Amino acid sequence: MVHSAAFLARRGPRAAVAAFAVAALGGGLWWTMAGASGANQTAATPRSSVSATSTPSAGPTSAARPTVKPSPAPSPASSAATAPVPDAKANVPDQKPVPPRTEVVLPPVGLAERADFGNKVSARLTRSVRIEGKGQGIGERSGPSLLVTVEITNSSAATIDLDYIVVNLYGGPDDAPGQLLLGDPHSAPMSGKLAPKASRSGTYVLRLPDPTPDEVTVTVNYGAETPTAVFTGKVSTSP
């Protein structure tokens, strides 16, 4: 470049101006070509490459995922509506009316006489005396009482159950019931089985109704399907 400048200086001002113009034109042309080359390079860059390098991958969108909704819990009303209703008649046994049992009462006999039940079984009061009973159980009341010893004789071929024997007392003008004093020391009821051709006795203390009657009725029954024996007479005061 130094030699060129010196050469232009020797050629004169016109040559210098011409050289300057040529240089300027060459510089502008170079600048234009450089800019175009940069623009072409920028234009040649794929748009997808720029977006791929500048924007990270978002992955699958939420719209592509299946949405699973939990089943709603059944309400008590709907459960009650859909629950099977039990049949009210399913657990009810066949109920047939049972006719009332007709109690068979034997003709009355004296206090010291024997009563026959009609099935080769008989009963009698081997002892009936007035004592001062002592009530010691729940609801029992001490006072004038009748002590009776009941004997059951089994002349049949069957065994008799004595666990269900019942002894009652009635007295006075209204046949008021007496009270069984199981807590009295003299009380010794019958129980267990009575074999055929055998006899057994038991002692019962019965509180007399107020006022104390002179005549009483004692009933004896040893089963629900058997007749009731009736004993009646005046109460003895001797022990």
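## Exercises on salt bridges, burial and strand pairing

R114 is partly exposed, with a relative accessible area of 41%. Here buried means under 20% relative accessible area, exposed means over 50%, and partly exposed lies in between (1.4 Å probe, protein chains only). The structure is a predicted model, in which local features need pLDDT of at least 70 and side-chain atom pairs count only at pLDDT 80 or more, while totals for chains, interfaces and linings use all residues. Residues are numbered from 1 along each chain as its sequence is written, and side-chain values use heavy atoms, with hydrogens and water left out.

**Exercise 1.** Determine which parts of the chain the salt bridge of E151 and R114 ties together.

*Solution.*
- Step 1. A salt bridge requires a side-chain nitrogen of Lys or Arg within 4 Å of a carboxyl oxygen of Asp or Glu. The side chains of R114 and E151 satisfy this at 3.8 Å, N to O.
- Step 2. R114 belongs to strand β2 (residues 114–116) and E151 to strand β4, so the pair connects parts that are 37 residues apart in sequence. Strands (E, at least two residues) and helices (H or I, at least four) are DSSP runs, numbered from the N terminus.
- Step 3. E151 counts as buried, at 15% relative accessibility.

**Exercise 2.** Locate K193 and D161, the partners of another salt bridge, in their strands.

*Solution.*
- Step 1. The closest approach of the K193 and D161 side chains in this salt bridge is 3.3 Å, N to O.
- Step 2. Because K193 is in strand β9 (residues 193–194) and D161 in strand β5, this bridge links parts that are 32 residues apart in sequence.
- Step 3. K193 is exposed, its relative accessible area being 52%; D161 is partly exposed, at 22%.

**Exercise 3.** Is each partner of the D210 salt bridge buried or exposed?

*Solution.*
- Step 1. The partner of D210 is R207, with the closest N and O atoms 3.5 Å apart.
- Step 2. D210 is exposed at 51% relative accessibility, whereas R207 is buried at 5%.
- Step 3. Elsewhere, R114, R124 and E151 form one network through salt bridges that share partners.
- Step 4. A search of the whole structure gives five salt bridges.

**Exercise 4.** Describe the surroundings of S156.

*Solution.*
- Step 1. S156 is placed in the loop between β4 (143–154) and β5 (160–161).
- Step 2. With 12% relative accessibility, S156 is buried.
- Step 3. Leaving aside residues up to four places away in sequence, S156 touches N119, K120, V121, P196 and K197; contact means heavy atoms within 4.5 Å.
- Step 4. The S156 side chain also reaches the backbone nitrogen of A158 at 3.4 Å.

**Exercise 5.** Which strands form the edges of the five-stranded open sheet?

*Solution.*
- Step 1. The strand order in this sheet is β1-β12-β11-β6-β7, and the pairing is mixed.
- Step 2. The edges are β1 (109–110) and β7 (176–177), each of which pairs on one side only. Two strands pair if DSSP finds at least two bridges between them.
- Step 3. Strand β6 (residues 166–171) runs antiparallel to β7 and is joined to it by two bridges. G171 stands opposite A176 in β7.
- Step 4. The protein as a whole has four helices and 12 strands.

Note on methods
A polar contact is a pair of N or O atoms within 3.5 Å; within protein, one must be able to donate a hydrogen and the other to accept it, and residues adjacent in sequence count only if both atoms are side-chain atoms.
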